[in-house]
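The following note is offered to a colleague who is beginning to read protein structures. Please keep the sequence and the model in view while going through the points.

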Amino acid sequence: MSRVRQLTRNFYPKKYEPEILKFWDEARVYERLREARKGSKRFHFLDGPPYPSSDMPHPGTVWNKIIKDSVLRFKRGEGYDVLDKPGWDTHGLPIEVMTEKALGFTSKKDIENYGIDKFVLKCKELATKNLKSMTEHFKEFAVSMDWDHPYRTFENEYIESAWWGVKKIWESGRLYEGERPVHWCPRCETVLSDYEVSESYKDLMDPSIYVKFKVRGSENEYLLIWTTTPWTLPGNVAVMVHPNEKYVKVRVDGDLLILAKARLEAVMKDAGIEEYEVVEEFEGRTLEGLKYEHPLEDLVPVQQRIKDAHRVVLSEEYVTMEEGSGCVHSAPGHGKEDFEVGMRYGLPVVSPVDERGRFTEDAGKYAGLQVREANNIIIEDLSGRGALFHRGTVIHKYPVCWRCDTPLIIRTTKQWFVKLTDLRKKLLEESGRAKWVPKWGGERRFKDWLLGLEDWIISRQRYWGIPLPIWRCESCGHIEVIGSAKEIEDRAGVKLEDLHRPWVDGVTWKCPKCGGKMRRIPDIMDVWYDSGVSFFASLGYPHRNREAFQEIFPVDFITEGHDQIRGWFFSLLRMGTLLFNQVPYKSVLMHGFMLDEKGREMHKRLGNYVPPPEILKNVARDTFRFFVLTKVPWQDLRFSWKGLKEMERRLSVIWNVYVFATTYLRDKELGQLPPKEELDPVNRWVLSRLHSMMKRVRESMNEYHLHVASNEILSFLIDDLSHLYLRVARKKLRSKNRSVADQWGRVLFHVLRETLPYLSIFAPLMSEKIYLESFRGEKDPDSVNFLLLADPDNEMIDPELEDMMMHVRSIISASGFARSNAGVRKRQPLREMVVVTENDVVRKAVEVLKDVLVTEANVREVRVGEAPTDGKWAQADFSEGSVFLNLEMGDEEILGGLARELTRRIQLMRKELGLTIGLERIEVYVQGDEDVRRALERYYDEIAWDSDANVIKFVSDESEVPGSSFGKEWEVDDRRVFIWVKKVE
RNA sequence: GGGCCCGUGGCUCAGACUGGUCAGAGCGCCCGGCUGAUAACCGGGAGGUCGGGGGUUCAAGUCCCCCCGGGCCCA
């Protein structure tokens with residue numbers, strides 16, 4: 001036997017939500033739940049670690065966490081032992097740059113003067129402070145993760161796992177040191193990855209110059225090249241042309257210039273030259289091997305030293321006819337494409353620029369100058385040598401440092417690489433093994449890109465990060481890669497308390513090969529390495545949790561925004577493939593971005609950013625959760641206050657459903673669900689709907705179609721329960737027939753009780769409140785979180801019955817329309833409804849669900865039949881036929897209508913007196929005309945029952961009414977009626 | 001320049017993978033009802049050539065191509 005208690009009438013989430021959060025915290029609900037699920041089948045969720053760059057999460061990040069939370073709650077509801085460790089990506093440049101700013105630093109020198117140890121501790125402090133603060137914000141939205149035991153990439157255990165991975169890569173022969181042109185920030189003095197570079201391009205003004213390279217051995221023939229980076233000319237070693245394009249030799253002022261035919265007109269226009277003459281035309285490929293003289297050779301020593309350079313090479317892919325002259329100046333030291341082509345042709349690499357972006361001694365005259373500042377001097381020198389054809393300026397997108405906005409340069413440096421080019425196909429294959437939601441997230445967006453993948457630069461010349469665990473002998477160059485703190489201890493006898501720089505930098509040992517000094521190379525690692533190893537490093541594998549890891553690898557589920565396809569999803573794939581030869585996750589849900597109300601991206605600096613606390617100030621936590629969870633997850637989501645308010649109203653309807661039900665059910669003994677055969681068809685229907693809902697929620701949650709699941713439960717509670725079932729149930733629940741009232745009570749209780757854990761996936765706070773206040777029985781657990789999701793039972797699902805109810809809804813609609821047209825209000829009972837249809841299901845529906853039609857259409861009889869030909873009828877059509885309402889009013893209809901009017905008046909008066917239905921009883925006295933008397937007489941029982949009246953007496957004047965009665969005069973259908981109500985003490 | 005996503009009534013969005021009861025929902029608006037869920041609830045109505053054009057098909061928001069607009073990723 002179960003009982004429910006009355007639920008607080010008003011929906012005040014602002015009040016109960018903080019109370020519930022506090023209760024969960026104090027009662028240690030999640031900890032106990034985790035404990036309770038131990039030993040069950042496991043579900044491994046891996047949190048994509050947010051970067052703690054601020055103390056406040058972006059609302060989109062809250063959305064991200066809510067998505068995760070709904071899946072976690074669902075899986076716990078299915079009985080899984082869920083791994084729900086949150087993560088934090090704590091290393092890297094943003095934190096360093098923020099710390100530098102706070103300390104007023106502008107260069108690496110400032111940091112080294114201050115002390116790397118102090119600086120690193122400051123970085124750690126900042127990251128820790130921010131992640132703690134962000135945690136509190138996530139908790140506010142009822143995100144249930146293991147907040148007390150997060151994985152943080154700065155922890156020693158994490159670093160050790162990362163090192164193990166590096167060692168393994170080294171052992172596989174994929175780790176190598178190489179010299180490549182890389183994007184470099186001259187302020188941060190570090191290499192940046194392609195991914196980091198793609199983050200920010202800015203419009204910059206640069207010179208746009210055409211330069212004449214004199215063909216060796218000729219009198220007056222020149223290759224005409226174009227560049228916007230004159231400072232790369234000291235690094236020039238070749239000119240690229242397109243093999244298949246037409247080139248021309250043009251006479252201008254006595255010079256013969258070579259350039260692409262397709263660019264001729266544009267170049268001449270650009271240079272302001274009107275008179276020129278094409279003297280020859282030929283294919284680009286015929287230029288191959290043509291030698292030229294470097295115009296700055298006498299000023300730049302390195303240019304004199306290099307061999308086998310200054311010639312024309314061919315490239316189909318990097319010579320464009322969209323801009324420039326079709327003769328592309330090539331400096332393999334300052335450009336990736338140039339480097340690639342240069343390798344093919346065996347060209348030398350020249351990069352006379354240092355880490356601060358200044359020319360080195362190799363650049364001779366320009367040594368010591370900042371490269372961008374040298375632009376003008378170089379242009380002057382070209383001009384002085386008669387090599388400048390034209391000089392202009394251009395505003396173009398140029399990469400800048402994503403943290404400090406300094407324009408980047410490309411210079412050739414030694415870096416540590418991980419070889420990937422031979423893994424392209426394997427990576428693509430592995431990505432295909434994961435289940436991508438939506439499907440196109442993986443395949444289409446990954447494919448071309450993966451196939452063009454380059455080797456990965458994992459070294460960075462900074463401080464706050466995982467130290468690259470590579471030690472090299474100063475004497476013989478012998479290399480050792482370290483996989484744990486213990487290995488350091490074994491070699492150097494040093495036990496490090498913190499594995500970061502600078503402490504790890506001081507550790508040296510004797511080279512086993514030559515006895516020289518083994519010293520760590522000073523680099524740290526790309527942060528994408530950090531987050532890429534999270535699938536095992538979060539567990540401390542392989543130094544810790546070995547068995548656990550093997551049991552739950554690959555990870556069951558990850559989800560992040562679509563920007564992470566090439567970010568974290570890829571970096572996990574990369575590490576999984578490198579270290580375990582497989583993709584480390586089974587399914588991926590990719591979600592969208594949160595945009596502002598106008599559809600633009602939300603940014604603090606754009607001022608269109610809604611801080612999470614502001615959301616909380618205006619709407620319930622569950623409202624925001626439901627709002628985001630009902631949207632298609634992989635599409636961008638437009639933030640909307642209006643949308644939130646709308647959702648809040650819908651939640652209040654759900655609340656009201658529970659209020660309504662508890663009003664009728666409270667304090668009743670509610671037994672088990674009666675057997676199906678004994679049930680009223682409407683009850684069979686609502687149970688069918690319940691199980692259909694459960695089934696669809698389970699299915700769609702398992703497909704990560706969260707929006708389908710959340711909308712399903714909303715429509716069940718609102719469309720099926722509130723709009724239909726409860727309207728029928730309210731009369732049945734108060735039925736004089738005990739067994740009827742009892743059956744409906746049990747069914748209603750059952751439906752609402754089973755729905756609660758489902759609701760709690762999306763609106764956990766509201767569900768908990770309802771559970772604790774009204775539905776929790778004595779032997780039940782002390783939180784809705786412990787409840788399992790009831791399994792849908794196919795036996796309970798009756799598609800035909802559900803179909804029939806759809807038809808009944810249409811019939812009710814049509815009858816409402818007919819009444820509306822005929823001007824007959826719904827309160828007025830009508831004699832008869834005739835449904836005309838050819839559809840057998842509809843016929844059966846009218847039969848089986850007659851009760852619903854009688855109540856909802858307010859008619860005394862319903863039948864299927866032929867269209868009536870005589871009498872007064874109102875008619876309306878629905879999809880499967882027509883509805884006819886008999887408008888003829890007999891005594892029965894008039895008195896019936898009157899009785900309902902009287903009941904309504906009495907109810908109003910009860911309410912005015914503050915009397916509670918089911919508790920306090922009344923005596924009623926009525927004075928009115930003959931019809932009123934007859935209505936009272938005929939419908940005495942109904943009126944008395946509905947209004948909890950002990951006695952209803954028809955009186956001829958006030959003297960018959962007890963003095964203490966509450967009296968009121970009413971006008972009912974043009975009649976004057978006096979009603980007195982007296983509370984029975 | 002390439003790739004991907006989105007563009008459905010005034011607003012916010014489902015439906016598109018698996019062509020055919022898919023032209024829907026909520027809000028807003030208009031009309032009405034109910035009155036012990038009541039600072040709630042219910043019914044009805046108006047309103048969309050599903051961004052534009054072309055194609056495939058007996059049949060296309062749904063598949064294909066092109067274009068326009070918005071966004072993202074990459075060059």
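1. A residue is called buried when its relative accessible area is under 20%, exposed when the value is over 50%, and partly exposed in between, with a 1.4 Å probe and protein chains only. The model is predicted, so local features need pLDDT of at least 70 and side-chain atom pairs count only at pLDDT 80 or more, while totals for chains, interfaces and linings use all residues. Residues are numbered from 1 along each chain as its sequence is written, chains are lettered from A and ligands numbered from 1 in the order in which they are written, and side-chain values use heavy atoms, with hydrogens and water left out.

2. Two residues other than glycine have a positive phi: Ala142, near 60 degrees, and Asp253, near 50 degrees. Helices (H or I, at least four residues) and strands (E, at least two) are DSSP runs, numbered from the N terminus. Ala142 belongs to the loop between α6 (116–140) and β4 (151–152), and Asp253 to the loop between β10 (246–252) and β11 (255–260). Ala142 is buried, with a relative accessible area of 2%, whereas Asp253, at 78%, counts as exposed.

3. Helix α3 (residues 59–77) has 19 residues and spans 26 Å from its first C-alpha to its last, close to the expected 27 Å; the expected span is 1.5 Å times one less than the number of residues. Because 18 of its 19 residues are buried, α3 is largely enclosed by the rest of the structure. Gly79, with a positive phi near 100 degrees, follows the helix.

4. Which residues touch the most other members of the largest nonpolar core? A nonpolar core is a set of buried Ala, Val, Leu, Ile, Met, Phe, Trp, Tyr and Cys residues joined through side-chain atoms within 4.5 Å. Of the 216 residues in the largest one, they are Phe535, Tyr585, Phe624, Tyr725 and Met766. Helix α24 provides the largest share of this core, 14 residues. Another core, of 53 residues, lies apart from it and includes Leu299, Ile306, Met321 and Phe417.

5. His91 is in the loop between β3 (87–88) and α4 (93–103) and is buried, at 0% relative accessibility. Its side chain makes a polar contact of 2.7 Å with that of His500. A polar contact is a pair of N or O atoms within 3.5 Å; within protein, one must be able to donate a hydrogen and the other to accept it, and residues adjacent in sequence count only if both atoms are side-chain atoms.

6. Two cis peptide bonds deserve inspection. One joins Val437 and Pro438, with omega about -5 degrees, and another joins Arg501 and Pro502, with omega about 0 degrees. Pro438 is placed in the loop between β18 (435–437) and α14, and Pro502 in the loop between α15 (485–492) and β23 (508–510).

7. The last point concerns RNA strand B. A residue is near a strand if one of its heavy atoms lies within 4 Å of it. Of the 42 residues around RNA strand B, His723, Ser813, Arg827, Arg910 and Leu915 come nearest. Sugar and phosphate make up 79% of the strand's atoms that come within 4 Å of the protein. Base nitrogens of the strand are also approached by side-chain N or O atoms, at 3.0 Å for Ser722 and 2.9 Å for Gln907. Helix α22 gives the most to this surface, with eight residues.
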